[in-house]
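Biologist: I am a first-year student and would like a close look at one part of this model, the surroundings of the ligand, followed by whatever helps me place that part in the rest of the chain. Please explain each term when you use it.

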Amino acid sequence: MRLDKYLADMGIGTRSEVKQQIRKKQVTVNGLLPTGPQQQVEPGEDEVICQGEAVPYMEYEYFMLNKPQGCVSAVTDRGHQTVMDLITKKNRKDLFPVGRLDKDTEGLLLITNDGALSHALLSPGKHVPKTYYARICGEVTQHDVTQFAQGLDIGEAKLTKPAKLEILCSGPMAAEVKLTITEGKFHQVKRMFQAVGKEVSFLKRLSMGGLCLDASLQPGDYRRLTEAEINLLYTWH
Ligand code: URA
């Protein structure tokens, strides 16, 4: 790979900015000044240093974001803050959110540039489980638990796949629940509760394919996934 592409891929600057840095002798490869921006480097083998800081090559980046309410799950948006605006400490410019959470939904959102992993996690055939915590307007009963397990008519061609509804607490006016679904239809959780005559007043995703939201992340906070967490997601392939 060309040295200028390597540095630009790692977010050091635009292609012309990194060319300038190379010409100004701010970059070394294996301790030596490169011949020019076109010098070939081997990602993962050659040691590239820019302005005294090592620049390891990362083909893929993986972040867990606790999505806050009010921002949209998109890479760009004309009118709204996007989840990508929140990921400020990144190298790659080709990151995207894996799937969508509604603007008013909080919780676990994976951000990566690993297209194969994203495809596998979102593929309907893989039935990747997603668990949500929800607050509901109205009482949630054992009858609802049975209906969610049997499948609900949310206006699609088929009933929803069996879902595990767990009542955390419920009174005549409101309830708190955990719900695990293996599909990802538009507004699915809200539509499932609508199908039993109830409304979701708060929704937060807790986990996806075995990856759990780090409880220490406040809404808007994010961190890189650990190797173990990346491997965990790959087991759903
Ligand atoms: N289901 C919903 O209704 N909204 C979400 O954001 C995610 C799942």
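Modeller: What follows starts with how to read the model, goes on to the ligand, and then moves outward to rings and loops.

This is a predicted model, in which local features need a pLDDT of at least 70 and side-chain atom pairs count only at pLDDT 80 or more, while totals for chains, interfaces and linings use all residues. Residues are numbered from 1 along each chain as its sequence is written, and side-chain values use heavy atoms, with hydrogens and water left out.

The residues around the ligand (each with a heavy atom within 4 Å of it) are Leu101, Asp102, Thr105, Tyr132, His187, Gln188, Val189, Lys190 and Leu203. Among them, Asp102 places a polar side-chain atom 2.7 Å from a nitrogen atom of the ligand. Gln188 and Val189 use their backbones instead: a backbone N or O atom of Gln188 lies 3.5 Å from an oxygen atom of the ligand, and one of Val189 lies 3.1 Å from a nitrogen atom of the ligand. Taken alone, the ligand exposes 240 Å², and the protein buries 95% of that area (areas come from the Shrake-Rupley method with a 1.4 Å probe, and for residues only the protein chains shown count as cover).

His187, one of the residues around the ligand, belongs to the loop between strand 9 (174–181) and helix 6 (188–195), where helices (H or I, at least four residues) and strands (E, at least two) are DSSP runs numbered from the N terminus. Its relative accessibility is 31%, so His187 counts as partly exposed; buried means under 20% relative accessible area, exposed over 50%, and partly exposed in between, with a 1.4 Å probe and protein chains only. His187 also has a positive phi of about 50° although it is not a glycine. Most residues other than glycine have a negative phi. Gln51 is another residue other than glycine with a positive phi, near 50°, and it lies in the loop between strand 2 (48–50) and strand 3, where it is exposed at 54% relative accessible area.

Turning to the rings, the structure holds five aromatic pairs; rings of Phe, Tyr and Trp (its six-membered ring) pair if their centres lie within 6.5 Å, and planes under 30 degrees apart count as stacked, over 60 as edge-to-face and the rest as tilted. In one of these pairs, Tyr6 and Tyr57 have ring centres 5.0 Å apart and planes at 45°, so the pair is tilted. In another, the rings of Tyr133 and Phe202 have centres 6.1 Å apart and planes at 65°, so this pair is edge-to-face. Because Tyr133 lies in strand 7 (residues 130–137) and Phe202 in strand 10 (residues 199–208), the pair ties together parts that are 69 residues apart in sequence. Tyr133 is buried at 13% relative accessibility, and Phe202 is buried with a relative accessible area of 13%. The charged end of Arg135 also sits over the ring of Phe202, 4.2 Å from its centre, which is a relation counted when NZ of Lys or CZ of Arg is within 6 Å of the ring centre and within 35 degrees of the ring normal.

Methods. A polar contact is a pair of N or O atoms within 3.5 Å; within protein, one must be able to donate a hydrogen and the other to accept it, and residues adjacent in sequence count only if both atoms are side-chain atoms.
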